[in-house]
Every structure is written in structure tokens, then in C-alpha cells.
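These are my notebook entries on one structure, written down in the order in which I looked things up. I wanted to begin with one helix and work outwards from there.

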Amino acid sequence: MANEAVEAGASVVTMVIESGSPHETKSWGRRLASLLEGGELLGLIGDLGAGKTCFIKGLARGLSLREEDILSPTFTMIQEHHGRLPLYHIDLYRLEEATLDDLGLREYLFSEGVAAVEWFERLRGGAEMEYLAVRISYAGANLRRIEFSAVDSRHAQIISKLKRRFA
């Protein structure tokens, strides 16, 4: 299921899908990765255990990385991986709030790689950035709702391509 909405005068492009398994969640990560060119910021939002790291494992696979190397970076906070594009896996779970200058985040978020930030809502000023939001929520015992949304044109185009190719 895919839809578009208008919010506060800005066009918000959204796509909502349901995933019935971790394998399917990884597949959506892999599909998204196939459309990335570098310089994208992905903001992952969702409850603990909803599937954010699982999604990033699929993203990594789509960037020619081994998904086994993708671990929840809860203790290291930032993991760098180098595949087709660099992947910067950032987890802000242990921080109540983070700024661009904390942990050197600025250099990762505005790089030529792909920055995938778990607990993105904890990044102060994150909502004002250009990013592709990936919100994963529980929709049942083994069912997840994955919502992709973007306001800026670059990330909105990625969602449009995702819709055309895979929805």
C-alpha cells in the first residue's frame, strides 16, 4: 500500500508496506539499498525490537556487505562498513539527545556514504534535515508496518522509485 500526503504546506511522499517476517524486512532494506547513490541520510524510528537493525542488515546486503557484520551498535554507537557505498550505522539509543557535533556525527551524516541512524528522533534538529524516514512499528505478533516518508525532493524521488519498482 502506498500513498502521498501534504503536511504544513510541504509535499510529503510516503509509502507504507507490511512485513510478515524478518526475511521480508531485510528484503525491503535490500530493495532500498539498490536505489541509493551515496549521500543519503536514513532516519530509522521505532520501538525497541521493532526491526530497525534487521532492516539495516538488508540495507547492508544491498550495499554488497555481509549482513552478519551488522550488529546492533548499542555499545559502540557508530559502526563503519565499506561495500558498494560506505555505510555508517549509528545508534542513538543510549543517548537521551544528540547534536550534530556529538560523536562527530556531522562527518557521517553529511558524507558521500549512506548514514543509517537508529533512534533518529533523539537527534536534536534531525526533523529539519533532509532525510528519508523509515518508521517501523508493530502491526501484530509477527507483522511489522514499515513507513517510508520524505519531504525533500532527493529522498522523495527514492520513495517514488521504490514504489514504481517494488510496490
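**Entry 1: the helix α2 and its cover**

I looked up what lies over the buried residues of α2 in this predicted model, and I found that the cover includes α1, β3, β5, β6, β7 and β8. I then asked myself how many residues of α2 are buried. The count is 10 of the 11 residues, so I noted α2 as largely enclosed by the rest of the structure. The buried residues of α2 are Lys52, Thr53, Cys54, Phe55, Ile56, Lys57, Gly58, Leu59, Ala60 and Gly62.

**Entry 2: lysine 52**

Two lysines in that list caught my eye, and I took up lysine 52, which is found in helix α2, residues 52-62. Which side chain of opposite charge is nearest to lysine 52? I found that it is glutamate 118, at 4.6 Å, and that lysine 52 is buried yet has no salt bridge. The cut-off for a salt bridge is 4 Å between a side-chain nitrogen of Lys or Arg and a carboxyl oxygen of Asp or Glu, so a distance of 4.6 Å does not qualify. What I did find is that the side chain of lysine 52 reaches the backbone oxygen of aspartate 47 at 3.0 Å. Leaving aside residues up to four places away in sequence, I listed the contacts of lysine 52 as Leu44, Ile45, Gly46, Asp47, Glu118, Trp119 and Ile136.

**Entry 3: tryptophan 119**

Since tryptophan 119 is among the contacts of lysine 52, I looked it up as well, and I placed it in the loop between β6 and β7. Its relative accessibility is 9%, and on that value tryptophan 119 counts as buried. I also noted that tryptophan 119 has a positive phi of about 65 degrees, although it is not a glycine.

**Entry 4: the nonpolar cores**

I turned next to the largest nonpolar core, which has 32 residues, and I wrote down Leu32, Leu59, Leu87 and Phe148 as those with the most contacts inside it. The elements that give two or more residues to this core are β2, α1, β3, α2, β6, β7, β8 and α4. A second, separate core has 19 residues, and among them are Leu92, Leu100, Trp119 and Ala133. As background I reminded myself that nonpolar side chains tend to be buried together in soluble globular proteins.

For leucine 59, again not counting residues up to four places away in sequence, I found contacts with Gly29, Arg30, Leu32, Ala33, Leu36, Leu42, Leu87, Val114 and Ala116. I then checked α1 itself, where the buried residues are Thr25, Ser27, Trp28, Gly29, Leu32 and Ala33. At 1.5 Å a residue, the 12 residues of α1 should span 16 Å, and its end C-alpha atoms are 17 Å apart, which agrees.

**Entry 5: just after α2**

Which residue just after α2 takes a positive phi? I found serine 64, with a phi of about 65 degrees, and its place is in the loop between α2 and β4. With 59% relative accessibility, serine 64 counts as exposed.

**Entry 6: salt bridges**

I counted 6 salt bridges. In one of these, the side chains of glutamate 40 and arginine 154 meet at 3.1 Å, N to O. Glutamate 40 lies in the loop between α1 and β3, while arginine 154 is in helix α4, so this pair ties together parts that are 114 residues apart in sequence. Is glutamate 40 buried or exposed? At 2% relative accessibility I entered glutamate 40 as buried, whereas arginine 154 is partly exposed, with a relative accessible area of 35%.

Another salt bridge joins arginine 145 and glutamate 147, also listed at 3.1 Å, N to O. Here arginine 145 counts as partly exposed at 32%, and glutamate 147 as buried at 18%. I noted too that Lys26, Arg61 and Glu67 are joined into one network by salt bridges that share partners. Glutamate 68 forms a salt bridge with arginine 66, the closest N and O atoms being 3.8 Å apart, and both of these residues are exposed.

**Entry 7: glutamate 97**

My last look was at glutamate 97, in the loop between β5 and α3, which counts as partly exposed at 45% relative accessibility. Glutamate 97 and leucine 123 are 26 residues apart in sequence, and their C-alpha atoms are 5.9 Å apart in space.

Technical notes: Residues are numbered from 1 along each chain as its sequence is written. This is a predicted model: local features need pLDDT of at least 70, side-chain atom pairs count only at pLDDT 80 or more; totals for chains, interfaces and linings use all residues. Side-chain values use heavy atoms; hydrogens and water are left out. Helices (H or I, at least four residues) and strands (E, at least two) are DSSP runs, numbered from the N terminus. Buried means under 20% relative accessible area, exposed over 50%, partly exposed in between (1.4 Å probe, protein chains only). Lys and Arg count as positive and Asp and Glu as negative; His and the chain ends are not counted. A polar contact is a pair of N or O atoms within 3.5 Å; within protein, one must be able to donate a hydrogen and the other to accept it, and residues adjacent in sequence count only if both atoms are side-chain atoms. Contact means heavy atoms within 4.5 Å. A nonpolar core is a set of buried Ala, Val, Leu, Ile, Met, Phe, Trp, Tyr and Cys residues joined through side-chain atoms within 4.5 Å. The expected span of a helix is 1.5 Å times one less than its number of residues.
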